[in-house]
Amino acid sequence: MKKVNLCLCENRDEMTKAGHENFYKHFGKLAPKEPKTLKDLRPLFEQVCHGCKAGLYNEAYEVYWEKIHKKEEHLIVYNLSAWETNLSLVKNFFPKADLSQMPLVSKKSDQSFLLNEAGLALLYTGRPKEAEYPFLTGIKMDIDVENWSGASIGYQNLTVLQFRTGEIE
């Protein structure tokens, strides 16, 4: 009896990534131009999640930074105070959602930003001890590439962490 390959792709991983890439594109089309609420942001959350699962980490990061954070406005955290949602989004950029590893975006500045976001989200969701490693890792990266502004922000956030945990009085 002849074996028939019913899979159109070489392997299931390739087919799964292709499916996630299609969802990434689909949710991008559903998103409103100017999201203002968590409900408005839902298609963008899905777009980031599926983009990362498709291996489109840099593209998903652009959606995260430009549309969900709205760049320097930081819509999701400062305007909407959605720290837990932000933490869930950020974890998509890490291998197996493991914050002790490096984010899978290619630019060092984006990796550092995601580490800092992970630290902040952990801090503001009541897990300050878990926040220290992402902060310190991001600061080290910023120093290595001489991103003094990023290092300064990281140190400020680390100071807030240490104050809240009683390490600084």
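## Overall picture

Contact here means heavy atoms within 4.5 Å. By that yardstick, residues 24 or more positions apart account for 51% of the contacts in the protein chain with a separation of 6 or more. This is a predicted model, in which local features need pLDDT of at least 70 and side-chain atom pairs count only at pLDDT 80 or more, while totals for chains, interfaces and linings use all residues. Residues are numbered from 1 along each chain as its sequence is written, and side-chain values use heavy atoms, with hydrogens and water left out.

The protein chain has eight helices and zero strands; both are DSSP runs numbered from the N terminus, helices being H or I with at least four residues and strands E with at least two. The C-alpha trace spans about 75 × 35 × 30 Å along its principal axes. Of the 169 residues, 42% count as buried, where buried means under 20% relative accessible area, exposed over 50%, and partly exposed in between (1.4 Å probe, protein chains only).

## Confidence

pLDDT is the predictor's confidence in each residue, from 0 to 100. The protein chain averages 91, and 93% of the residues score at least 70. Then there's the stretch of residues 3-7, where pLDDT stays under 50 and the model has one contact beyond four places in sequence. Where pLDDT is low, the predicted coordinates should not be read in detail.

## Helix α2

Start with the length of α2, residues 38-53. Its 16 residues should span 22 Å at 1.5 Å a residue, and the end C-alpha atoms are indeed 22 Å apart; the expected span is 1.5 Å times one less than the number of residues. There's a bend in α2 as well, about 25 degrees at Leu44, taken as the angle between axes fitted to the seven residues ending there and the seven starting there. Just after α2, Gly55 takes a positive phi of about 85 degrees.

The buried residues of α2 are Leu41, Pro43, Leu44, Phe45, Gln47, Val48, His50, Gly51 and Cys52. What covers them includes α1 (12-30), α3 (57-68), α4 (75-79) and α5 (83-91).

## Cysteines

How many disulfides does the structure hold? Zero, with a disulfide taken as a pair of cysteine sulfur atoms within 2.5 Å. Cys49 is in no disulfide, and the nearest cysteine sulfur, that of Cys52, is 7.5 Å away. Cys52 itself is buried, with a relative accessible area of 3%.

## Gln111 and Ile143

Gln111 sits in helix α6 (residues 108-124) and is buried, at 9% relative accessible area. The side chain of Gln111 reaches the backbone oxygen of Pro103 at 3.3 Å. Leaving aside neighbours within four places in sequence, Gln111 is in contact with Met102, Pro103, Val105 and Met141.

Ile143 is found in helix α7 (residues 128-144). With a relative accessible area of 34%, Ile143 is partly exposed. Not counting residues up to four places away in sequence, Ile143 touches Trp148, Ala151 and Tyr155.

## Lys29

Back in helix α1 there's Lys29. Is Lys29 buried or exposed? Exposed, with a relative accessible area of 71%. The C-alpha atoms of Lys29 and His69 are separated by 18 Å, the two residues being 40 residues apart along the chain.

Technical notes:
A polar contact is a pair of N or O atoms within 3.5 Å; within protein, one must be able to donate a hydrogen and the other to accept it, and residues adjacent in sequence count only if both atoms are side-chain atoms.
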